[in-house]
Amino acid sequence: MQKAVSLAKYVKKRNGVAIGASGSMKNMFQRALGAGSFTQFWHYWNPVWGYYLSRNVMKPASSFLPVWLAVLITFAVSGGLHDIAVSVVKWQFIFFFTPWFVFMGLMVVLTKYLDLTYGGLPWGVRAVINSAFIGVCLAATYLLESFYI
């Protein structure tokens, strides 16, 4: 039986530096934006949040669901938690992050299925591509939201 990886080891693996170390934020942005696939982007983005989502949502869900569905559920849970946090801060109901994150989860599943990788391109081009995926999902969310307002 495999022993669970600690948060400290997980973050060091993702960021290349210890949690809270100087340069950790810079490393996260450089590695995430420069990732060679949209799936890989999420391996580097916010490793502390990713650790808890992986451990408490993705792994349990993928033990009895197809991985693609576990990915979508994980993104939906993350979006829902973001909606709750913003709702508490603003003292009003917010339902924006959940659909946005579901769109990003769909993009991860789709790009993984299509085996869409671009690791051989220059860092700047990879950063534009990864940002574009996020932007397209954001635009889709605004479009969806326009139908319900």
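1. Let's start with Asp115, since its exposure is easy to check on the predicted model. Its relative accessible area is 59%, so it counts as exposed, the cut-off being over 50%. Asp115 sits in the loop between helix 6 and helix 7, the latter covering residues 123–146. Have a look at the backbone there too: phi of Asp115 is near 55°, which is a positive value in a residue other than glycine.

2. Asn46 is another loop residue to pull up, this one between helix 3 and helix 4. Its phi is also positive, about 40°, although Asn46 is not a glycine. With a relative accessible area of 32%, Asn46 is partly exposed, because that value falls between the 20% and 50% limits. If you want a long-range distance from here, try Lys112: the two residues are 66 apart along the chain, and 20 Å separates their C-alpha atoms.

3. Now for helix 5, which runs over residues 67–90. Val67 belongs to this helix, and it is exposed, at 52% relative accessible area. That value is over the 50% cut-off, so the label is exposed and not partly exposed. Val67 and Val109 are 42 residues apart along the chain, yet their C-alpha atoms are separated by 9.1 Å.

4. Leu81 is in helix 5 as well. Is Leu81 exposed or partly exposed? Its relative accessibility is 39%, so it counts as partly exposed. For a partner in space, go to Phe97: 16 residues away in sequence, with a C-alpha to C-alpha distance of 8.5 Å from Leu81.

5. On to how two of the helices pack. Helix 1 (residues 7–15) and helix 2 (residues 24–33) have axes that come within 9 Å and cross at roughly 55°. That crossing angle makes the two helices oblique to each other, because it lies between the 35 degrees limit for roughly parallel and the 65 degrees where roughly perpendicular begins. On the helix 1 side, the contact is made by Lys13, Arg14 and Asn15. Helix 2 answers with Ser24, Asn27, Met28 and Arg31. By residue class, this contact has three charged residues, three polar ones and one nonpolar.

6. Last, the largest pocket, which holds about 1100 Å³ of space. Its lining takes in 36 residues, and the ones nearest the centre are Tyr10, His43, Gly50, Ser54 and Met58. Which helix gives the largest share of the lining? Helix 4 does, with nine residues. At least two lining residues each come from helix 1, helix 3 (38–44), helix 4 (47–62), helix 5 and helix 6 (97–113). The lining as a whole splits into 20 nonpolar, 10 polar and six charged residues.

Methods:
Residues are numbered from 1 along each chain as its sequence is written. This is a predicted model: local features need pLDDT of at least 70, side-chain atom pairs count only at pLDDT 80 or more; totals for chains, interfaces and linings use all residues. Side-chain values use heavy atoms; hydrogens and water are left out. Axes are lines fitted to C-alpha atoms, for helices over the stretch in contact, and angles run from 0 to 180 degrees between N-to-C directions. Helices (H or I, at least four residues) and strands (E, at least two) are DSSP runs, numbered from the N terminus. Angles under 35 degrees count as roughly parallel, over 145 as roughly antiparallel, 65 to 115 as roughly perpendicular and the rest as oblique. Contact means heavy atoms within 4.5 Å. Ala, Val, Leu, Ile, Met, Phe, Trp, Tyr, Cys and Pro count as nonpolar, Asp, Glu, Lys and Arg as charged, and the others, Gly among them, as polar. On a 1 Å grid over the protein atoms alone, a cavity is a set of points where a 1.4 Å probe fits but cannot get out, and a pocket is an open set with protein on both sides within 12 Å along at least five of seven lines; lining residues have an atom within 4 Å of a point. Grid points are joined across faces, edges and corners, and a volume is the space filled by probe spheres set on the points. Buried means under 20% relative accessible area, exposed over 50%, partly exposed in between (1.4 Å probe, protein chains only).
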